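Subject: The structure I promised you

Hi there,

Here is the structure I said I would pass on, with my notes below it. Have a look first, then read on.

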Amino acid sequence: ADPWICLPHSADEDYCTQLGRLVAQLLPAERKVYVEYSNEVWNPGFAQSRAIRQAAGERPWYQLYRQRACQALAAFCQGFGDSQRVVRVLGAQADNVWLTEQLLQDLPPDAVDALAIAPYFGAELGDPAAGAEALSVAQILEQCRADVQVVLARVKQHAQLAAGQGLPLLAYEAGQHL
């Protein structure tokens with residue numbers, strides 16, 4: 001399989017370079033590796049999000065995230081050596097097209113190879129206040145079908161933004177979020 005590696009948010013460039021070397025040694029020659037800086041840094045429920053937000057100080061957190069992602073991905077590539085087998089991924093939030101615009105706005109040329117999101121549907125049904133337990137299966141499925149259409153529209157927006165930068169859009173995970 002082509003692995004997907006999330007570099008730790010607190011890793012320095014030396015760590016990323018050494019990890020790149022290790023992966024290059026262990027990865028079969030016919031495989032490529034997807035590398036992302038951390039995981040869902042946009043999600044304030046995660047420690048890495050809180051750490052980046054705190055470290056950003058007065059400037060918008062996504063600027064520091066973009067900067068650190070580019071540095072970490074470059075260090076990994078330096079260690080790996082064969083850039084043709086590394087896909088440098090910038091993670092974004094599927095529900096937040098504005099954030100993707102900000103992340104891509106001042107992205108250095110050739111800093112990443114792909115944009116990735118996790119387009120889930122049905123999240124509101126998991127909220128106890130939504131009253132999903134009182135709905136029939138048919139009603140739940142209908143709400144899911146409607147939400148899939150909303151999510152697909154956002155995916156198209158992300159795809160257009162990515163294409164505008166010459167990047168493919170990937171999904172690192174997706175599905176129902178009930």
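Before the pocket, a word on how residues are sorted: Ala, Val, Leu, Ile, Met, Phe, Trp, Tyr, Cys and Pro count as nonpolar, Asp, Glu, Lys and Arg as charged, and the others, Gly among them, as polar. Please also keep in mind that this is a predicted model.

**The largest pocket**

With that sorting, the lining of the largest pocket divides into 10 nonpolar, 4 polar and 5 charged residues. The lining has 19 residues, and those nearest the pocket's centre are W42, D95, A118, Y120 and H177. Two elements give two or more residues to this lining: strand 5 (120-121) and helix 5 (137-164). Helix 5 gives the most, with 3 residues. As for the space itself, the volume of the largest pocket is about 270 Å³.

**The sheet**

Next, the strands. An open sheet is formed by 5 strands, in the order 1-2-3-4-6, and the pairing is parallel. Which strands sit at the edges? They are strand 1 (4-7) and strand 6 (169-171), each of which pairs on one side only. From one strand to the next, the twist averages 35 degrees.

If you want a place to start looking, try the pairing of strand 1 with strand 2 (residues 33-37), which is parallel and runs over 4 bridges. To find it on your screen, pick C6, whose bridge partner in strand 2 is E36.

**Helix packing**

Now for the helices. Two packed helices are described by the angle between their axes and the distance between the axes, so I give both values for each pair below.

- Helix 1 (residues 13-26) packs with helix 3 (residues 61-80) at an angle of about 40 degrees, and their axes are 6 Å apart. Angles under 35 degrees would count as roughly parallel and 65 to 115 as roughly perpendicular, so helix 1 and helix 3 are oblique to each other. Their crossing is right-handed.
- Helix 3 also packs with helix 4 (residues 97-105), here at an angle of about 50 degrees with the axes 9 Å apart. By the cut-offs just given, helix 3 and helix 4 are therefore oblique to each other. Helix 3 passes helix 4 in a right-handed crossing.

To find your way around, you could begin at W42 and Y120, which are among the residues nearest the centre of the largest pocket, and then turn to helix 3, which packs with helix 1 and with helix 4.

Happy browsing, and best wishes!

Definitions and conventions. Residues numbered from 1 in each chain as written. Predicted model: local features only at pLDDT ≥ 70, side-chain atom pairs only at ≥ 80, totals over all residues. Heavy atoms only, no water. 1 Å grid on protein atoms, 1.4 Å probe; cavity = no way out; pocket = protein on both sides within 12 Å on 5 of 7 lines; lining within 4 Å. Points joined across faces, edges and corners; volume = space filled by probe spheres on them. Pairing = 2+ DSSP bridges. Axes fitted to C-alpha atoms, helices over the stretch in contact; angles between N-to-C directions. Parallel < 35°, antiparallel > 145°, perpendicular 65-115°, else oblique. Left-handed = near helix turned anticlockwise from the far one by under 90°.
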